[in-house]
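Work through the exercises below with the sequence and the coordinates at hand, and attempt each task before reading its solution.

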Amino acid sequence: MKNFFQQKSKIIFFFVSTFYFLLSIFGAQAAEGLVPCGPGTNKPTCQFCDLLTLVEKVIDFALYNIAIPLVVVFIVWGGLTIMTAGDSTEKVSQGRKMIQSAIIGVFIALGAWMIINMVLSAIGGGEFVPWKFGDYSIC
């Protein structure tokens, strides 16, 4: 009976995360596109600023549409593991480790995002402002 619930929760988790991932991909494809230049747009030639825009959009997509929802899913999964642990200290420890790993992972992702933002601002000639992307003075 215990294996049945574990298998069922894994299947539900797989379908929910697959649905969310596909939904975010289709939403990104329906948007304006990754690069605001090139054939089929009103700006036929690409400049250096368009490369910075591409990097910005890819990182925003990875952070907001993949990393943060995965953190939420793993925190909920860890919480459910703790709640259904009963007297098993091993399951409680496993749930805490899931939650701790998810929180550490999101801090690493946000830290990397801030470092990339700082580098792009330095390359683009803009001023470094935490949590703000796309303010490049050469563009």
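A residue counts as buried under 20% relative accessible area, as exposed over 50%, and as partly exposed in between. The model used here is predicted.

**Exercise 1. Decide how far the predictor's confidence varies along the protein chain, and where it is lowest and highest.**

Solution. Begin with the whole protein chain, for which the mean pLDDT is 76, with 68% of the residues scoring at least 70. Then turn to the helices: confidence is lowest in helix H1, residues 2-30, where the mean is 63, and highest in H3, where the mean is 87.

**Exercise 2. Locate Ser93 and classify its exposure.**

Solution. First, Ser93 belongs to helix H3, which covers residues 89-124. Next, the relative accessible area of Ser93 is 38%; because this value lies between the 20% and 50% cut-offs, Ser93 is classed as partly exposed. Finally, Ser93 can be placed relative to Thr81: the two are 12 residues apart in sequence, and their C-alpha atoms are 9.3 Å apart in space.

**Exercise 3. Describe the nonpolar patch on the surface, and state which helix gives the most to it.**

Solution. The patch is formed by Phe48, Leu51, Ile115, Met118, Val119 and Ile123, which together have about 550 Å² of accessible area. Helix H2 (48-83) and H3 each supply at least two of its residues, and H3 gives the most, with 4 residues. Take Ile115 as one of these members: it is found in helix H3, and it is classed as exposed because its relative accessible area, 51%, is over 50%.

How values were computed:
Residues numbered from 1 in each chain as written. Predicted model: local features only at pLDDT ≥ 70, side-chain atom pairs only at ≥ 80, totals over all residues. Heavy atoms only, no water. Buried < 20%, exposed > 50% of the residue type's maximum accessible area, 1.4 Å probe, protein only. pLDDT = per-residue confidence, 0-100. Patch = residues over 30% accessible without salt bridge, like charges linked within 9 Å, V, L, I, M, F, W, Y side chains within 5 Å. Areas by Shrake-Rupley, 256 points an atom, 1.4 Å probe, with all protein chains shown as cover. Salt bridge = Lys/Arg side-chain N within 4 Å of Asp/Glu carboxyl O.
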